[in-house]
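Work through the exercises below with the sequence and the coordinates at hand. Each task is followed by a worked solution.

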Amino acid sequence: MGTIPLATDGSEYARRAAREAIDLAEESDATLHVICVVDERQFDDPALSSAELATIYAEDHAVLSVDEVIGMAEDRPVTVEGDTRHGVPDEIILGYADEVDADTIVIGEHGDHEEHFSGVGRHVTDGTDRDVMIVEAHPQ
């Protein structure tokens with residue numbers, strides 16, 4: 001049995017990638033590892049302030065994004081594990097892929113935070129020798 005990490009951010013692009021990742025995990029009898037990263041460049045560990053509320057919201061959104069993918073696979077014969085972490089998304093995704101000894105990393109072409117997330121796929125692809133599946137926002 002292999003492992004497939006899926007990076008999600010709760011966007012429609014990530015949902016499309018999740019559907020592809022669930023199919024791939026089912027076809028290859030792999031465990032799907034879903035991760036959502038709270039980008040520390042946007043959400044740090046602030047003191048009590050409005051920034052703290054934004055960080056709490058981002059953390060809650062990350063948990064909901066992972067839970068959504070777990071729910072999408074609920075009726076499928078796929079084992080799904082989820083996690084949320086703080087850090088720079090591409091660095092966390094690459095580290096996570098190493099932790100779970102990934103076969104293929106799946107990520108959407110774009111995400112909710114396009115100014116940061118759209119480059120994540122490129123950075124992940126450039127930063128690993130593992131297979132990386134970038135799921136197109138608008139398939140041909």
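How many helices and strands are there in the chain? The chain has 5 helices and 5 strands, taken as DSSP runs numbered from the N terminus (helices: H or I, at least four residues; strands: E, at least two). The model is predicted, so local features need pLDDT of at least 70 and side-chain atom pairs count only at pLDDT 80 or more, while totals for chains, interfaces and linings use all residues. Residues are numbered from 1 along each chain as its sequence is written, and side-chain values use heavy atoms, with hydrogens and water left out.

**Exercise 1.** Write down the succession of elements, then the strand order in the sheet.

Step 1. Along the sequence the pattern is β-α-β-α-β-α-β-α-α-β.
Step 2. The 5 strands form an open sheet in the order β3-β2-β1-β4-β5, with parallel pairing; strands pair if DSSP finds at least two bridges between them.
Step 3. β3 (80-87) and β5 (131-135) are the edge strands, each pairing on one side only.
Step 4. From one strand to the next, the twist averages 20 degrees.

**Exercise 2.** Describe the pairing of β1 with β4.

Step 1. β1 (residues 3-7) and β4 (residues 104-108) are parallel and share 2 bridges.
Step 2. A7 is opposite I107 in β4.

**Exercise 3.** Place α1 and α3 against the sheet.

Step 1. α1 (residues 12-28) lies across β1, β2 (31-39), β4 and β5, at about 155 degrees to β4. Angles run from 0 to 180 degrees between N-to-C directions, with axes fitted to C-alpha atoms, for helices over the stretch in contact (heavy atoms within 4.5 Å).
Step 2. α3 (residues 89-99) packs on the sheet and touches β1, β2, β3 and β4, with its direction at about 155 degrees to that of β2.
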